[in-house]
Structure formats: structure tokens, C-alpha cells
Amino acid sequence: MYNDELLRHYTAKLTKFKIVSFDIFDTLIHRAVHRPTDLFDTLSARLRHNDFGLMYPEIASSFAHKRIAAETEARTRLTATLGTPEVGLKEIYDVLAEHLDLTQEQQQYLIEQELELEEQFCHPNPVMQMLFPLAGQNDRRIVLCSDMYLPPDFIEKLLTKCGYIRPYTLLVSGDRRRSKHEGSMYHEVLQHFSAQPHDVIHFGDNAHADVKIAKKIGIQPEFFNYLQDRVEPRLRIPLQKPAQDGHIWSLMTGSIRQLLMEKTYDFWEDAGLQIFGPLILGKVLWMTQLARRHRIERMLFFARDAFLLHDVFQRYPELLGPQVELRYCYFSRAT
């Protein structure tokens, strides 16, 4: 079923309901990384190469696994005190500050860096982008439900960037202390709209929270497993995270997934996107690493084989910096 057919299928179902509920992440919005926690590996890599990482190398090197551990511990603490694991971002970073002995300024800097990457990597799902305005027609109400630690105002910023415009009601677990996972957020939806379960249809990608629990409450679930069913079968890149440079692999995989969502590629375009693209990227990164390590001052590119590489470094001068001189020399076959 292609995107336009899927859109017609969902549009026909909307007519039976008064309220349309959407999950947000991996339903309305995707991230250009393979898995959500890969964002922390990417941030850790960024920190290792900026001024903050040079000043605080121990924070930069341990950030990714400490960030994951801090979230787990923050959820455990909140469950013990309030009976719910639905934390907010600030609560996670308060625990991280203890683990890494962060100052307030360092904590705020890392929060800002994480939010910046979230915004940079987010992109809309093409089917949901078309379905969303249709969902609000004919006096239907839209509610967005997310089991997420990010602040509601920031999530709204991501939604706006991806083309999802109000009116809608936004419910976020870290803010409301209620979740789809255990069902309380669905009850809040029903209470908020003074609705019955049969009035609501919910779209989401999580088999437990978005399907099993919604169905248990009486809400009509629509399992929107777009990535696994429609995108990942078209991936050529191995879906096994390498031991080294996993953040680069994740960014490549996430970027390819995004492009596969946005258009259909013919055989040669797909080979360029998924085979030669990653190969050339790998060579560019290898050359960049060597040039920086050996403090190369001039790079010479010869013949047709090197023309593309020369063009890449010219287009992205920040890879090497202005101190490296780039020169290309043409050689004919006869030469």
C-alpha cells in the first residue's frame, strides 16, 4: 500500500469518530537517527570536538551512557516518591548533574545542546503530514499524546517545524504524570473532551501503549508501524550498530530512512543513496581524520576519480578548516 493509498485508507476511517488522537514520536515526527538514544552518542561526539569538550573531556567522553543511566535512575526515584516513572527533562538532568558533578551552567549547556539536536534531527512523517489537517475537519477534535520527557513547549516547537499546526490539545507524560503505557493518559483524553471510548481513534507505533492499552480501554487503535513495515525493508545498510563510530552509522541510517520516506528512488538513485553515498562519506571522513592528525596544509586531487572528493571538500570547508589549501589537477586518459 503506497502513501496515497494509506492516506485514503485512514481518511475513510476518520468519519466514524469525533476525536482523533495521535502519538507524536515515530508517528507524526521521526528523528534522523536509527534509535532515539543514538542522539546521546551524537551529542557526546559533538562535545568531544568543541570547546566544552576540550575544557571538560571527562564529561564529553562519558556523556552518552551517563545520560541513559540518569534517565533510568530518575524514573526509579520518581516511582518511589510519586508512584509514576513519567519524568521531565529537568529531573533527568538533575540526576545527571549528580553523576557528573555538573555546575548549573554546565547542566543548562548540556540541556540546550540536547534540545538543539532534537530540533535539528526531527522531520515529519509524510502520511501523517497529509492526514493531520484532514483529521481536524467536520468538527473533529485532535489530541496529541506522548510518553515523553521533553517539555510541552519544546514539543510544540518541533510540531510547528514539521508542519503540524494548532488547534490541537497536547498531553505529555513528563508534564502530566500520566502515560499511555499504563492507560491514565487515555482516561484524561476522555475526561477532557467528555467523550466515550468509542468516540476516539488513536494512531501510534507502540504495540503496547498505542494498541494494546488503547484497545483495553475501548479506544479504536490504529497501529502505525511505518518505519518497520514500509521503510526499513528498503534499507540496504546493515541494521547492526558497529562497535566504533556508532553515531556516524546511526546518522547515516537515519538520514537514508528520511530520504526513503520523502520520495521513491529508481535503481540507480537508490544505489547512489545507499551504497556509493556511504562509501564516499566514509572515505571523506577518513581523509579528514588523516589531514587533521598530520596537520596537512595542502591537499592535491588528481584525475576524474578525485574530482568528486575535491568538490565535497570545497562545498564543506569546515571539514578541514581554511588553513588547508585544496587543488585539483585534470588528467586525460591519454595522459
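Select Cys162 to begin, a residue that is buried, with a relative accessible area of 3%. Cys162 takes part in no disulfide, and the nearest cysteine sulfur, which belongs to Cys122, is 3.8 Å away. The model on your screen is a predicted one, and a search of the whole structure finds zero disulfides. A disulfide is a covalent bond between the sulfur atoms of two cysteines, and since the cut-off used here asks for sulfur atoms within 2.5 Å, the 3.8 Å that lies between the sulfurs of Cys162 and Cys122 does not count as one.

Move next to Cys145, which is buried as well, with a relative accessible area of 0%. The closest cysteine sulfur to that of Cys145 is the one in Cys162, and because 18 Å lies between them, they are too far apart for a bond.

**The whole chain**

Zoom out now until the entire protein chain is in view, and colour it by secondary structure, where you should find 15 helices and nine strands. The C-alpha trace of the chain spans about 80 × 50 × 30 Å along its principal axes. The chain has 335 residues, and buried residues make up 47% of them. If you consider the contacts in the chain with a separation of 6 or more, 70% of them are accounted for by residues 24 or more positions apart.

**The nonpolar cores**

In soluble globular proteins, nonpolar side chains tend to be buried together. Select Phe22, Leu28, Ile29 and Leu144, which are the residues that touch the most other members of the largest nonpolar core, a set of 74 residues. Then keep Leu28 alone and show what surrounds it: leaving aside neighbours within four places in sequence, Leu28 is in contact with Phe22, Asp23, His123, Pro124, Asn125, Met128, Phe132, Leu144, Leu159 and Tyr164. A second core, separate from that one, has 15 residues, and Cys145, where you stopped earlier, is among them, together with Ile213, Ala214 and Ile217.

**The pockets**

Rolling a probe the size of a water molecule over the atoms shows where empty space is left. Which residues should you select to reach the centre of the largest pocket? The largest pocket holds about 1,500 Å³ of space, and among the 32 residues that line it, His247, Ile248, Leu281, Leu285 and Leu319 are the closest to its centre. Two or more lining residues come from each of helix H2 (38–48), helix H6 (104–121), helix H13 (246–262), helix H14 (267–293) and helix H15 (303–315). The largest share is that of H14, which gives eleven residues. By class, the lining of the largest pocket divides into 18 nonpolar, nine polar and five charged residues.

For the second largest pocket, where about 750 Å³ of space lies, select Phe25, Pro36, Asp147, Met148 and Asn206, which are the closest to its centre of the 31 residues in the lining. The elements that give two or more residues to this lining are strand E2 (29–31), helix H4 (57–82) and helix H11 (207–217), and the largest share, three residues, comes from H4. The lining of the second largest pocket has ten nonpolar, eight polar and 13 charged residues.

**Along helix H6 and into the loops**

Return to helix H6 and pick Gln108, which is found there and is partly exposed, with a relative accessible area of 39%. If you draw a distance from the C-alpha of Gln108 to that of Ile201, it should read 39 Å, for two residues that are 93 apart in sequence.

Most residues other than glycine have a negative phi, and most peptide bonds are trans. With that in mind, go to the loop between helix H5 (89–100) and H6 and select Asp101, which has a positive phi of about 55 degrees although it is not a glycine. Asp101 counts as exposed, at 65% relative accessibility. A further positive phi in a residue other than glycine, near 55 degrees, is that of Asp245, which you will find in the loop between helix H12 (226–231) and H13.

The last stop is Pro167, whose place is in the loop between helix H8 (152–161) and strand E5 (169–172). Show the backbone between Arg166 and Pro167, where a cis peptide bond joins the two residues, with omega at about 20 degrees.

Definitions and conventions
Residues are numbered from 1 along each chain as its sequence is written. Side-chain values use heavy atoms; hydrogens and water are left out. On a 1 Å grid over the protein atoms alone, a cavity is a set of points where a 1.4 Å probe fits but cannot get out, and a pocket is an open set with protein on both sides within 12 Å along at least five of seven lines; lining residues have an atom within 4 Å of a point. Grid points are joined across faces, edges and corners, and a volume is the space filled by probe spheres set on the points. Helices (H or I, at least four residues) and strands (E, at least two) are DSSP runs, numbered from the N terminus. Ala, Val, Leu, Ile, Met, Phe, Trp, Tyr, Cys and Pro count as nonpolar, Asp, Glu, Lys and Arg as charged, and the others, Gly among them, as polar. A nonpolar core is a set of buried Ala, Val, Leu, Ile, Met, Phe, Trp, Tyr and Cys residues joined through side-chain atoms within 4.5 Å. Buried means under 20% relative accessible area, exposed over 50%, partly exposed in between (1.4 Å probe, protein chains only). Contact means heavy atoms within 4.5 Å.
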